[in-house]
Amino acid sequence: MGNPKAFLDIHRQEAGYRPIHDRIHDFGEVEQTLGQRERKLQASRCMDCGVPFCHWACLLGNKAPEWNDALCKGDWELAYRLLSSTNPFPEFTGRICPALCEKACVLNLIEHEPTTNRENEAAIVEMAFQEGYVVAKQPKRNGKKVAVVGAGPAGLSAAYYLNQMGYEVTVYEKAEAAGGLLRYGIPNFKLNKAIIDRRLNILTEEGIVFKYNQDVKCDEQFAGQYDAVVLATGTPVARDLNIPGRKLDGVHLALELLSQQNRVLAGVEFDKKDRITAKGKDVLVIGGGDTGSDCIGTAHRQGCKSVTQIEIMPKPVEGPTDPNNPWPNYPRVLKTTSSHEEGCERRWNVNTLEFIGQNGKLTGVKVQNIDWKPNPQGGRPIMVENGKPEIIKAELVLLAMGFLKPEHPEYPSNVFVCGDAANGASLVVRAMSSGRQTAMSVDRSLSK
């Protein structure tokens with residue numbers, strides 16, 4: 001390491017976010033960047049810890065100590081080569097990954113000031129694009145063809161690795177552009193879509209063929225056209241809330257809002273009657289995860305009157321550590337995002353009973369405070385009422401309660417399922433890892 005004792009004198013410094021009064025008026029990325037000097041100092045904090053638990057925690061196996069060492073010495077090209085050796089799209093994870101590696105960092109155990117791996121990663125790849133280190137690689141073809149169905153993070157990862165192995169790869173996508181959740185689920189204020197397009201240009205130059213607006217049925221006829229098919233269709237079915245009033249105008253699944261807003265920013269026009277907007281409305285977000293947080297930030301930028309977020313589960317532990325999930329595991333602690341900072345009432349242990357409306361339009365939501373008690377027979381705790389039901393005023397409700405794991409029919413023998421389609425909804429970094437593993441499985445199968 002450049003300076004194995006730097007962490008003793010240099011504290012963790014995050015780039016932070018743009019001021020709230022500035023960022024809520026546009027969909028530009030909220031996160032700022034540090035200068036090169038400050039970034040190298042942050043990289044120097046990566047100590048010679050002996051056992052780098054960041055390797056263990058990262059689902060891609062990123063070599064954080066190695067590329068942090070190169071970065072702190074100013075060798076940006078080497079840092080990028082090390083980073084891209086395990087991560088095909090660091091510009092995505094550098095922006096949206098929850099940084100499992102940082103939670104497993106030894107400095108997080110000792111001082112709760114882990115190395116800024118995620119921000120360092122983003123800085124490295126942006127410098128690589130700026131300096132021309134990112135170049136298309138033209139692989140030698142092996143004469144075999146593979147189809148990838150779904151152009152989300154898992155499909156793009158699988159396509160990248162298969163293409164580099166020499167396969168002719170065709171990617172089929174039912175939407176009008178590639179990216180999946182990256183494009184249609186994650187708001188632009190977290191991931192500018194030009195970042196996706198920049199990478200797609202590289203993948204296309206490397207020989208991957210993209211076909212859009214293709215709703216593929218993965219049957220014998222389709223699979224027979226290719227030596228292998230990778231199915232990376234994600235988790236298309238959101239968890240719904242079928243209670244009285246669900247059909248009222250104003251109750252929507254979270255991705256209906258998020259995907260439409262991203263399409264609007266891309267220039268797609270919608271009829272006024274079809275436009276979902278929080279402008280001038282009291283908004284209720286049901287679900288306490290990242291998708292719910294994205295809804296909060298989007299509602300603010302659309303000009304909402306207020307936002308409330310409710311979660312049926314108890315409030316997570318406050319503080320840097322979780323006694324029930326200790327280091328180096330990822331701590332289940334209270335998370336406050338940039339969207340929460342912009343203004344939001346947050347409540348936990350709240351069950352939703354009924355959507356209330358007038359003349360077919362939503363006006364409020366009946367909810368009930370609850371407690372959870374241990375189940376004497378084991379398993380899921382028992383939900384019990386706590387107090388009387390109440391009405392939360394709302395003209396727009398966004399259901400952000402996760403997604404259902406897909407059930408698959410029996411596919412032809414040359415079909416491989418990966419990403420969320422195989423494992424259920426999870427992290428983008430896990431989907432990318434699954435794509436890489438599936439590409440290796442395809443290669444092993446076709447190399448026999």
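**Note on cavities and cysteines**

1. In this predicted model, the lining of the second largest cavity is made up, by class, of 12 nonpolar and three polar residues, with no charged residues. The space inside the second largest cavity is about 110 Å³. Its lining counts 15 residues, and those closest to the centre are C46, C49, C54, C105 and V106.

2. Two elements each give two or more residues to the lining of the second largest cavity: helix 3 (53-57) and helix 4. Of these, helix 4 gives the most, with three residues.

3. How many cavities of 30 Å³ or more does the structure hold? There are three. The largest cavity has a volume of about 150 Å³.

4. The lining of the largest cavity is formed by 15 residues. Nearest the centre of the largest cavity lie C58, N62, C97, C101 and E121. Helix 4 (64-72), helix 7 (100-103) and helix 9 (117-131) are the elements that give two or more residues to this lining. Helix 9 has the largest share, at three residues. Helix 4 is thus named for the largest cavity and also for the second largest.

5. By class, the lining of the largest cavity has 10 nonpolar, three polar and two charged residues. For the second largest cavity, the corresponding numbers are 12 nonpolar, three polar and no charged residues.

6. Several cysteines lie by the cavity centres: C58, C97 and C101 are among the residues nearest the centre of the largest cavity, while C46, C49, C54 and C105 are among those closest to the centre of the second largest. How many disulfides does a search of the whole structure find? The result is zero. C46, for one, is in no disulfide, and the nearest cysteine sulfur, that of C54, is 6.1 Å away. Since a disulfide needs sulfur atoms within 2.5 Å, the sulfurs of C46 and C54 do not count as a pair.

7. Is C46 buried or exposed? C46 has a relative accessible area of 8% and is therefore buried, because the cut-off for buried is under 20%.

8. C344 is a further cysteine to look at. Its sulfur is 9.2 Å from the closest cysteine sulfur, which belongs to C304, and this is too far for a bond. The relative accessibility of C344 is 22%, so C344 counts as partly exposed. C46, at 8%, is buried.

Note on methods
Residues are numbered from 1 along each chain as its sequence is written. This is a predicted model: local features need pLDDT of at least 70, side-chain atom pairs count only at pLDDT 80 or more; totals for chains, interfaces and linings use all residues. Side-chain values use heavy atoms; hydrogens and water are left out. Buried means under 20% relative accessible area, exposed over 50%, partly exposed in between (1.4 Å probe, protein chains only). On a 1 Å grid over the protein atoms alone, a cavity is a set of points where a 1.4 Å probe fits but cannot get out, and a pocket is an open set with protein on both sides within 12 Å along at least five of seven lines; lining residues have an atom within 4 Å of a point. Grid points are joined across faces, edges and corners, and a volume is the space filled by probe spheres set on the points. Helices (H or I, at least four residues) and strands (E, at least two) are DSSP runs, numbered from the N terminus. Ala, Val, Leu, Ile, Met, Phe, Trp, Tyr, Cys and Pro count as nonpolar, Asp, Glu, Lys and Arg as charged, and the others, Gly among them, as polar.
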